[in-house]
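Work through the exercises below with the structure open beside you. Each task is followed by a solution in steps.

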Protein chains: 2
Amino acid sequence: MTSANQIKKTGNIRAKSKVKILTAARTEFVLQGYRGATVQSIADRAELPKANILYYFKNKENIYHAVLEHTLEMWDEGIGDIEANEGPKVAIEKFIAAKVRMSFKHPEASKIYAMEIIQGAQHLKDYARTYQRQWVREKAKLFQQWIDSGEMVNVDPVHLIFLIWSATQHYADFETQILTIMNRADFEEDDVEQVIAFLCDIILRGCGLI
Amino acid sequence: MTSANQIKKTGNIRAKSKVKILTAARTEFVLQGYRGATVQSIADRAELPKANILYYFKNKENIYHAVLEHTLEMWDEGIGDIEANEGPKVAIEKFIAAKVRMSFKHPEASKIYAMEIIQGAQHLKDYARTYQRQWVREKAKLFQQWIDSGEMVNVDPVHLIFLIWSATQHYADFETQILTIMNRADFEEDDVEQVIAFLCDIILRGCGLI
DNA sequence: TGGCCACCTGACTAGCTGGTTAATAATAAA
DNA sequence: TTTATTATTAACCAGCTAGTCAGGTGGCCA
């Protein structure tokens with residue numbers, strides 16, 4: 001066994017335990033909130049002794065930070081982007097589809113993010129102030145160009161982004177409500193595509209792109 | 001002083017204290033979540049001794065229930081309805097405007113509701129299952145009639161309701177994020193009307209009503 | 001005057017909280 | 001094998017939690 005393999009193996013125990021803990025923690029934080037999720041409840045869900053949790057993460061806040069970071073990374077990766085060179089119709093379609101798919105696939109990620117924002121974004125102020133604000137400005141500029149060139153109707157680009165965000169994430173954050181109203185136990189494959197079709201249809205028409 | 005006056009006066013002390021407590025409690029529940037909000041923190045915010053809080057509400061869960069009830073009542077009152085006899089354009093316009101105004105005026109109400117749903121709607125299952133499901137069915141039927149009579153394009157009525165809900169409540173639930181991205185300290189009067197105009201514009205066009 | 005009742009609250013408690021420690025086991029390196 | 005590092009966990013603790021309780025206060029009516 002080479003030195004590299006050993007390091008890898010050692011790292012694997014750490015990595016595996018951490019993933020196990022973070023998965024359990026994410027669920028607990030979503031179900032109970034930050035204060036409601038106890039280190040003990042996370043330990044129980046991860047099937048590890050409490051002290052083991054605190055061996056890998058110095059304290060509860062560190063666990064939460066790690067969960068939040070992990071979640072944002074995953075979300076940003078999965079969403080892709082709004083591409084300039086494809087024209088507004090394809091760009092918006094692709095963006096809506098990616099966001100809806102993420103919402104149905106990883107509702108917990110969206111939920112934990114939503115709760116953080118609702119409660120005042122104490123742990124995410126910097127994220128919104130730097131990364132997110134920059135992203136919105138760039139994309140708004142792009143939409144404005146499409147508007148100026150007559151490729152889409154004159155709608156406020158920033159509010160358009162908010163609309164797409166809210167409409168897509170709604171299916172993750174409010175899944176309980178939606179399932180209850182639709183009298184369903186779970187979502188199915190078809191639902192995802194139906195939601196994508198609906199949102200693309202109405203938003204693209206709203207932007208004068210159909 | 002008549003007996004009626006005494007009852008009224010006695011009731012007033014109760015009512016006043018309860019309102020004071022519920023107002024403080026709502027803020028604490030939004031900021032800290034159910035478990036994070038302690039009876040002590042509610043007492044501090046209401047500027048009353050903790051034991052006084054528990055004199056008016058038997059326990060913490062009762063406070064939460066009262067907050068939730070109070071909130072839902074207020075929300076339902078303020079939103080009005082989707083009226084059948086006005087035609088789709090006016091009906092949707094009025095509904096969007098009312099929801100946006102409520103979101104800007106009482107963001108805490110929307111937030112506490114959102115947190116409850118995100119965490120699994122443990123205290124609201126019945127509300128969604130009976131009242132809300134019924135409401136959605138009625139309104140969906142109405143939209144379907146407008147679609148069938150060619151007054152609006154063929155979009156899924158239920159998902160249209162979800163879209164309006166999400167887009168309007170977004171300004172309450174995610175106000176922190178929106179303010180940060182827009183680089184603002186607070187919303188102003190103009191913002192409300194601008195959001196209403198934007199959402200009406202894009203959604204009505206999306207429904208083929210412009 | 002004295003009894004009634006709504007209101008108020010300091011002091012208390014049992015149980016849970018996040019977090020520490022110290023002793024042990026497993027694994028890798030020499 | 002020996003040694004060093006990493007991983008594991010029972011036992012413990014100080015502080016906070018929701019909730020109780022007993023002893024008040026003050027207003028009103030007979």
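The exercises treat a predicted model, beginning with the domains of one chain and ending with the contact between two chains.

**Exercise 1. Locate the domains of chain A and describe how they meet.**

Solution.
- Step 1. The domain assignment places domain 1 of chain A at 3-67 and domain 2 of chain A at 80-206.
- Step 2. Their C-alpha centres are 30 Å apart, and the contact draws on 9 residues of domain 1 and 6 residues of domain 2.
- Step 3. About 740 Å² is buried between the two domains, with carbon and sulfur atoms giving 66% of that area.
- Step 4. On the domain 1 side, Arg26(A), Val30(A) and Tyr64(A) lose the most area, together 61% of what that side buries.

**Exercise 2. Find the salt bridge across this domain interface and the elements behind the domain 1 side.**

Solution.
- Step 1. The rule finds 1 salt bridge across the interface of domain 1 and domain 2 of chain A.
- Step 2. A salt bridge here requires the nitrogen and the carboxyl oxygen to lie within 4 Å. Arg26(A) and Glu108(A) form a salt bridge, with their closest N and O atoms 3.6 Å apart.
- Step 3. The interface also has 2 residue pairs in polar contact.
- Step 4. On the domain 1 side, α1 (3-36) and α4 (60-79) of chain A each give two or more residues; α1(A) gives the most, with 5 residues.
- Step 5. By class, that side has 4 nonpolar, 3 polar and 2 charged residues.

**Exercise 3. Work out how chain A and chain B are related.**

Solution.
- Step 1. A turn of 180° with a shift of 0.0 Å along the axis lays chain A on chain B with an RMSD of 0.1 Å.
- Step 2. The two copies are therefore related as by a two-fold rotation axis.
- Step 3. In chain A, Gly206(A) has the C-alpha nearest the axis, 2.0 Å from it.
- Step 4. The copies meet through the same surface, because 100% of the interface residues of chain A are also interface residues in chain B.

**Exercise 4. Characterise the contact between chain A and chain B.**

Solution.
- Step 1. Chain A and chain B contribute 56 residues each, and about 4900 Å² is buried between them, 67% of it on carbon and sulfur atoms.
- Step 2. In chain A, Ile118(A), His159(A) and Ile181(A) lose the most area to chain B, together 15% of what that side buries.
- Step 3. Between the chains there are 0 salt bridges and 14 residue pairs in polar contact.
- Step 4. Several helices of chain A supply at least two residues to this side, among them α1, α6 (107-118) and α10 (189-206). The largest share, 11 residues, comes from α8(A).
- Step 5. The chain A side divides into 27 nonpolar, 19 polar and 10 charged residues.

Note on methods:
Residues numbered from 1 in each chain as written. Chains lettered and ligands numbered in written order. Predicted model: local features only at pLDDT ≥ 70, side-chain atom pairs only at ≥ 80, totals over all residues. Heavy atoms only, no water. Domains from an automatic or database assignment. Contact = heavy atoms within 4.5 Å. Buried area = accessible area lost by both parts, 1.4 Å probe. Salt bridge = Lys/Arg side-chain N within 4 Å of Asp/Glu carboxyl O. Polar contact = N/O pair within 3.5 Å; in protein donor to acceptor, adjacent residues only side chain to side chain. Helix = DSSP H or I, 4+ residues; strand = E, 2+ residues; numbered from the N terminus. Nonpolar A, V, L, I, M, F, W, Y, C, P; charged D, E, K, R; others polar. Least-squares fit on C-alpha atoms with pLDDT ≥ 70 in both.
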